[in-house]
Each structure stands twice: as C-alpha cells, then as structure tokens.
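These notebook entries record what I looked up in the structure, in the order in which I consulted it. I begin with the whole and then turn to single elements and residues.

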Amino acid sequence: MLNRAFFIGLLCVLSNFIGFSQNEKDSTNVDLKNTPIIANETLVKREIDPLRPSKAAFYSAVLPGLGQAYNKKYWKVPIVWAAIGTGIYFYVSNDQQFDRYRDAYKRRLAGFTDDEFYGQGQTPLISNDGLIRAQQQFRRNKEVALLVTIGLYALNIIDANVDAHLLQFNVDENLSFRPHYQYNPMEHSSDLGLTFNFKF
C-alpha cells in the first residue's frame with residue numbers, strides 16, 4: 001500500500017515537472033507584456049445615418065441623378081440623365097409621328113384630300129388602312145417608350161437607395177470573420193479554425 005502511494009506521488013511530481021518544462025519550451029506562448037495593445041481611442045468609428053438611404057431615394061425621386069450625387073457617385077449622374085433622356089426622346093418622337101398620321105386620317109374622314117400623305121394625284125400615297133396601321137404602330141412604340149422610361153426612373157431610385165445602404169456597410173475590426181491558428185496545450189497539437197467577432 002505504501003509503495004502504491006509513493007508511486008502515485010512520484011508520478012504527480014514528475015508530471016508537474018514535465019508540464020513546466022513544456023510550457024517553457026513552447027514557442028506559441030505570447031508574453032502579453034511585450035505585445036502592443038490597441039487603445040479604443042485609436043479606432044475611428046463612423047456614425048451610421050439610418051435615414052441616408054431614404055434621403056438618397058427621395059432626392060432621386062425628385063430629380064433623377066440627385067440621389068447619386070448625394071451618395072458622391074458623380075459619374076452615375078450623366079448615365080442616369082442619358083438613360084431617362086433617351087426614353088423621353090423616343091416617347092416624344094413617336095408621339096409626334098402618331099399625331100401626324102392621326103391628323104391625316106381625321107382629315108380624310110372629313111372628306112379632305114390635302115394631307116401630307118395623300119400626294120398630288122387622285123390615288124393617295126398611303127391608304128386609309130395604311131394610316132390606321134401607322135397609328136397603331138406609333139401608339140405601341142410610344143407606350144413601350146413610356147414603360148421603359150418609367151422603369152429607368154424607378155431603377156434610378158433603387159440604385160440611389162442601395163448605394164446609400166452599401167456606403168454604410170460595416171467593415172471595421174469590430175465585425176470580422178477571419179481564420180485563426182491556436183496551439184492546444186492539453187493535446188500538444190495545433191488547432192485551425194474560423195472566428196466570428198462582433199463587438200459592441
């Protein structure tokens with residue numbers, strides 16, 4: 001019995017010596033006295049304005065491109081103006097052509113033969129059916145141009161809103177997802193993994 005107690009005591013003493021010797025030889029232990037510590041005063045935090053996306057969307061709704069200027073994306077302003085301006089140009093152009101053919105058709109129904117599509121002879125250059133088909137085509141083109149313009153206007157508002165959201169995206173050190181390497185002293189092995197840090 002005495003030999004068993006002596007053996008267990010000797011085993012405990014030797015395991016402590018082995019543990020201390022391994023801790024001294026461990027190269028992954030870091031002395032906190034020698035490592036620099038980042039003070040919280042050195043971290044610069046930007047204020048998040050929760051109304052910024054709403055303001056950008058409102059400005060783009062009032063004047064297309066103004067929300068992009070509010071987000072300081074000045075290069076997008078000419079693109080927005082060109083896109084919406086092109087849609088408006090095609091709408092106005094098709095509307096004018098529609099009016100020309102409609103006025104000529106109305107004059108023919110009233111019995112006149114002096115419209116621009118009638119020509120000089122007895123036979124008209126464009127028949128009444130041709131005037132009706134032209135009106136239908138230009139009306140359809142006009143409606144498509146209007147829908148495209150409204151779509152581009154809505155896209156302008158959505159772009160300003162999403163861009164304002166992304167400008168406030170949190171990418172500082174308080175929110176991070178990074179790999180880590182850690183020495184496990186219990187198993188005398190290395191651990192690899194991913195850490196997700198979120199500090200308030």
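**Entry 1. The whole protein.** I first looked up the surface. The accessible surface of the protein comes to about 15,600 Å², and carbon and sulfur atoms hold 63% of that surface. I note here that the model is a predicted one. I then asked how much of the protein is buried. Of its 200 residues, 20% are buried. For the secondary structure I recorded five helices and two strands. Read from the N terminus, the order of the elements is α-α-α-α-α-β-β. I also looked up the contacts between residues with a separation of 6 or more, and 50% of these join residues 24 or more positions apart.

**Entry 2. Helix α5.** I next examined α5, which spans residues 128-167 and has 40 residues. From its first C-alpha to its last, α5 reaches 58 Å, and this is close to the 58 Å expected at 1.5 Å a residue. I listed the buried residues of the helix: G130, L131, A134, Q135, F138, K142, A145, T149, N156, A160, D163 and A164. Which elements help to cover these buried residues of α5? I found α2 (52-62), α3 (66-70) and α4 among them.

**Entry 3. Helix α2.** Having met α2 as part of that cover, I looked up its own buried residues. They are R52, P53, A56, A57 and S60. Because these residues cover an arc of only 135 degrees around the axis, they lie on the same side of α2. On the face turned away from the buried side I found the exposed residues F58 and V62. The cover over the buried residues of α2 includes α3 and α5.

**Entry 4. K55.** Within helix α2 I selected K55. Is K55 buried, partly exposed or exposed? K55 counts as partly exposed, because its relative accessibility is 33%, which falls between the limits of 20% and 50%. Leaving aside neighbours within four places in sequence, I recorded contacts of K55 with D49 and Y70. I also compared positions along the chain and in space: K55 and A160 are 105 residues apart in sequence, while their C-alpha atoms are 9.1 Å apart. A160 is one of the buried residues of α5.

**Entry 5. Aromatic pairs.** I counted five aromatic pairs in the structure. Y101 and F117 form one that is stacked, with 4.4 Å centre to centre and 10 degrees between the planes. What does this pair tie together? Y101 lies in helix α4 and F117 in the loop between α4 and α5, so the pair joins parts that are 16 residues apart in sequence. Both partners are buried: Y101 has a relative accessibility of 13%, and F117 has one of 8%.

Y101 also forms a stacked pair with F138, at 5.6 Å centre to centre and with 25 degrees between the planes. Here F138 lies in helix α5 and Y101 in helix α4, so this pair ties together parts that are 37 residues apart in sequence. F138 is buried as well, with a relative accessible area of 15%.

I further noted one aromatic cluster, formed by F58, Y59 and Y70. F58 appeared in Entry 3 as an exposed residue of α2, and Y70 appeared in Entry 4 as a contact of K55.

**Entry 6. R108.** I returned to helix α4, residues 76-109, where R108 lies. Is R108 buried or exposed? R108 is buried, because its relative accessible area is 11%, under the limit of 20%. I then looked up its surroundings. Not counting residues up to four places away in sequence, R108 touches D115, F117, Y118, P124, I126, S127, N128 and L131. For F117 I recorded a further detail: its backbone oxygen lies 3.2 Å from a polar atom of the R108 side chain. F117 is also the stacking partner of Y101, and L131 is among the buried residues of α5.

**Entry 7. V92.** My last look-up in helix α4 was V92. V92 counts as partly exposed, at 37% relative accessibility. V92 and L146 are 54 residues apart in sequence, and their C-alpha atoms are 9.4 Å apart in space.

Note on methods
Residues are numbered from 1 along each chain as its sequence is written. This is a predicted model: local features need pLDDT of at least 70, side-chain atom pairs count only at pLDDT 80 or more; totals for chains, interfaces and linings use all residues. Side-chain values use heavy atoms; hydrogens and water are left out. Helices (H or I, at least four residues) and strands (E, at least two) are DSSP runs, numbered from the N terminus. Buried means under 20% relative accessible area, exposed over 50%, partly exposed in between (1.4 Å probe, protein chains only). A polar contact is a pair of N or O atoms within 3.5 Å; within protein, one must be able to donate a hydrogen and the other to accept it, and residues adjacent in sequence count only if both atoms are side-chain atoms. Contact means heavy atoms within 4.5 Å. The expected span of a helix is 1.5 Å times one less than its number of residues. The arc is that of the directions from the helix axis to the C-beta atoms. Accessible areas come from the Shrake-Rupley method with a 1.4 Å probe; for residues, only the protein chains shown count as cover. Rings of Phe, Tyr and Trp (its six-membered ring) pair if their centres lie within 6.5 Å; planes under 30 degrees apart count as stacked, over 60 as edge-to-face and the rest as tilted.
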